[in-house]
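Let's walk through a small protein chain together, one question at a time. Have a look at it first, and then we can talk about what is there.

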Amino acid sequence: MQGPAATNWAGNVLFSPAAWASPTSVAELAETVARAERVRVLGTGHSFSSTADTDGTLLRLDAMPRELRVDAATSTVRVSAATRWGEL
């Protein structure tokens with residue numbers, strides 16, 4: 001059975017996976033991936049192509065806990081999946 005279809009933020013790309021998943025923890029993410037036969041990640045839905053679409057499970061990571069680490073010593077920043085540019 002196919003999951004509900006959705007579009008990217010612009011409305012010009014259709015995603016129609018067999019199932020959607022929006023895990024809220026690393027443990028739930030690991031369980032979802034282990035259970036799925038095929039997985040792709042959509043991220044924030046900003047994709048301008050159907051590359052992220054799948055006939056398996058399409059993951060949305062925007063419900064995952066946010067992480068922001070700044071390391072001044074190495075001049076690096078680490079952010080969690082689905083972090084939007086506007087949030088940075």
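A quick word on terms: two residues are in contact, or touch, when they have heavy atoms within 4.5 Å. This is a predicted model, in which local features need pLDDT of at least 70 and side-chain atom pairs count only at pLDDT 80 or more, while totals for chains, interfaces and linings use all residues. Residues are numbered from 1 along each chain as its sequence is written, and side-chain values use heavy atoms, with hydrogens and water left out.

Q: What pattern does the protein chain follow, read along the sequence?
A: Helices (H or I, at least four residues) and strands (E, at least two) are DSSP runs, numbered from the N terminus. The protein chain has one helix and seven strands. Reading along the sequence, you meet them as β-β-β-α-β-β-β-β.

Q: What order do the three strands of the open sheet have?
A: Two strands pair if DSSP finds at least two bridges between them. In the open sheet, strand 3 (19-21) and strand 4 (39-41) are the edge strands, each pairing on one side only. The pairing is parallel, and the order of the three strands is 3-5-4.

Q: Which residue in strand 5 is the bridge partner of Arg 40?
A: Strand 4 and strand 5 (residues 57-59) run parallel and are joined by three bridges. Across in strand 5, Arg 40 has as its bridge partner Leu 58.

Q: At about what angle to strand 5 does helix 1 run?
A: Axes here are lines fitted to C-alpha atoms, for helices over the stretch in contact, and angles run from 0 to 180 degrees between N-to-C directions. Helix 1 (residues 26-35) lies across strand 3, strand 4 and strand 5. Relative to strand 5, helix 1 runs at about 160°.

Q: Does Thr 57 count as buried or exposed?
A: Thr 57 belongs to strand 5. Among the residues that it touches beyond four places away in sequence are Trp 20, Thr 32 and Val 39. Buried means under 20% relative accessible area, exposed over 50%, and partly exposed in between (1.4 Å probe, protein chains only). With 13% relative accessibility, Thr 57 therefore counts as buried.

Q: Which residues is Val 41 in contact with, leaving aside its neighbours within four places in sequence?
A: Val 41 sits in strand 4, and its 43% relative accessibility makes it partly exposed. Val 41 and Asp 53 are 12 residues apart in sequence, with 8.5 Å from C-alpha to C-alpha. Once those sequence neighbours are set aside, the contacts of Val 41 are Ala 52, Leu 58, Leu 59 and Leu 61.

Q: Which residue in the turn of the hairpin of strand 6 and strand 7 has a positive phi?
A: Most residues other than glycine have a negative phi. Strand 6 (68-71) and strand 7 (76-79) have a loop between them, and the hairpin that they form has four residues in between. One residue of that loop counts as exposed because its relative accessibility is 68%. With a positive phi of about 55°, although not a glycine, this residue is Ser 75.

Q: Which residue in strand 7 is the bridge partner of Arg 69?
A: Strand 6 and strand 7 run antiparallel, with four bridges joining them. Within this pair, Val 70 stands opposite Val 77. For Arg 69, the bridge partner in strand 7 is Arg 78.

Q: Which residues does Ser 80 touch, not counting residues up to four places away in sequence?
A: Ser 80 is found in the segment after strand 7. At 13% relative accessibility, Ser 80 counts as buried. Its C-alpha atom is separated by 9.2 Å from that of Arg 69, 11 residues apart along the chain. Beyond four places in sequence, Ser 80 touches Pro 65, Arg 66 and Glu 67.

Q: How far apart are the mean positions of the positive and negative charges of the protein chain?
A: Lys and Arg count as positive and Asp and Glu as negative, with His and the chain ends not counted. Each charge is placed at NZ of Lys, CZ of Arg, CG of Asp or CD of Glu. For the 8 positive and 9 negative charges, the distance between the mean positions is 2 Å.
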